[in-house]
Amino acid sequence: MKVDLIISADNIKEEDLRGKVVVVIDMLRATSVIVTALNNKAKEVFPILTVEEAFSKKNELVAEGISPLLGGERKAVRIERFDFSNSPLEYTAEKVEGKSIILSTTNGTRAINLSLNSEEILIGAMINSKAVIKLVKEINKDVVFINAGTNGEFSMDDFICSGYMISLLCEGEEKNKYEISDISKTAKYIYENNLNIIDFIKNARHYNILMELGLNNDLEYCCKKDIIDVVPRVDKRSRSIKL
Ligand code: MLT
């Protein structure tokens with residue numbers, strides 16, 4: 001089983017994903033939002049590229065008798081006329097249970113949409129890493145960890161999150177069956193030498209942008225390991241993410 005890693009949405013070559021399982025990671029904060037919302041019993045999350053498409057998806061769902069909620073960000077701030085920002089802490093059970101959510105973010109929902117050529121798309125974050133790796137082991141196919149990155153560039157946060165997952169994958173007796181690319185080994189090395197996630201990513205650009213916006217609670221939440229035990233998956237037919 002091959003293990004590889006892509007460092008940002010701009011580096012995704014859609015044709016390379018055929019037949020592979022991908023884990024899309026945007027731990028600050030899009031995939032943390034998706035994991036949290038579905039864990040809090042949202043019905044589904046639609047990952048949407050643009051604000052215009054988000055509103056037309058809303059109209060489409062309303063015509064079907066569904067009242068969706070809109071969530072997401074531009075420049076890390078809530079979009080005008082959206083119900084939620086991109087803060088996972090807003091997606092409480094009280095607000096999302098049974099609801100369809102339309103989510104549009106700068107990097108995360110883009111990375112998910114660019115991964116549709118793969119065999120299977122799993123949604124990963126620090127908060128559900130162990131559950132993701134358990135499922136990756138069960139599926140037992142070549143896996144690519146896709147880091148959404150920030151504006152097409154590498155980001156320290158998604159990289160160390162991938163490193164944590166790869167480190168978990170390599171625990172136990174089966175570790176010799178994995179063919180791990182150099183970049184995946186580097187992510188694992190970075191994680192294993194920086195077990196305190198906040199200490200490592202406090203220098204990351206996006207971390208500091210969120211800090212400046214006063215989003216310390218989001219950062220603390222998104223850096224927690226394994227507090228959620230579910231793995232959202234993309235249903236390609238409906239293009240929505242579900243459990
Ligand atoms: C994104 O998808 O670009 C991010 O999740 C941005 C954010 O932290 O809001």
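Does Asp-218 count as buried or exposed? At 3% relative accessibility, it counts as buried, where buried means under 20% relative accessible area, exposed over 50% and partly exposed in between (1.4 Å probe, protein chains only). The close-ups below come from a predicted model, in which local features need pLDDT of at least 70 and side-chain atom pairs count only at pLDDT 80 or more, while totals for chains, interfaces and linings use all residues. Residues are numbered from 1 along each chain as its sequence is written, and side-chain values use heavy atoms, leaving out hydrogens and water.

**View A. Asp-218 meets Arg-29 in a salt bridge.** Look for the two side chains, which come to 2.8 Å, N to O. A salt bridge is a side-chain nitrogen of Lys or Arg within 4 Å of a carboxyl oxygen of Asp or Glu. This pair links distant parts of the chain: Asp-218 sits in helix 10, Arg-29 in the loop between strand 2 (21–25) and helix 1, and they are 189 residues apart. (Helices, H or I with at least four residues, and strands, E with at least two, are DSSP runs numbered from the N terminus.) Like its partner Asp-218, which is buried, Arg-29 is buried too, with a relative accessible area of 2%. A search of the whole structure finds 14 salt bridges, so there are others to look at below.

**View B. Glu-44 forms a salt bridge with Lys-242.** Here the closest N and O atoms are 4.0 Å apart. Glu-44 lies in strand 3 and Lys-242 in strand 10 (residues 240–242), so this pair ties together parts that are 198 residues apart in sequence. How covered are the two partners? Glu-44 is buried, with a relative accessible area of 6%, whereas Lys-242 is partly exposed at 27%.

**View C. Glu-153 and Arg-205 meet in a salt bridge.** Their side chains are 3.5 Å apart, N to O. Once more, the pair links distant parts of the chain, with Glu-153 in the loop between strand 7 (143–147) and helix 6 (156–169), Arg-205 in helix 9, and the two positions 52 residues apart. Glu-153 is partly exposed, with a relative accessible area of 46%, and Arg-205 also counts as partly exposed, at 46% relative accessibility. Elsewhere, salt bridges that share partners join Lys-43, Glu-44, Asp-235, Arg-237 and Lys-242 into one network.

**View D. Helix 1 is mostly covered.** This helix spans residues 30–39, and 9 of its 10 residues are buried. Try finding them: Ala-30, Thr-31, Ser-32, Val-33, Ile-34, Val-35, Thr-36, Ala-37 and Leu-38. Just after helix 1, Lys-41 takes a positive phi of about 75°.

**View E. Val-77, Ile-209 and Leu-213 make a nonpolar surface patch.** The patch covers about 220 Å². Patches are made of residues with over 30% relative accessible area and no salt bridge, joining like charges within 9 Å and nonpolar side chains (Val, Leu, Ile, Met, Phe, Trp, Tyr) within 5 Å. Leu-213 is found in the loop between helix 9 and helix 10 (216–222) and is partly exposed, with a relative accessible area of 41%.

**View F. Thr-50 and Leu-213 are 23 Å apart in space, C-alpha to C-alpha.** In sequence, 163 residues separate Thr-50 from Leu-213. Thr-50 is found in the loop between strand 3 (44–47) and helix 2 (51–63), and at 28% relative accessibility it counts as partly exposed.

How values were computed
Areas by Shrake-Rupley, 256 points an atom, 1.4 Å probe, with all protein chains shown as cover.
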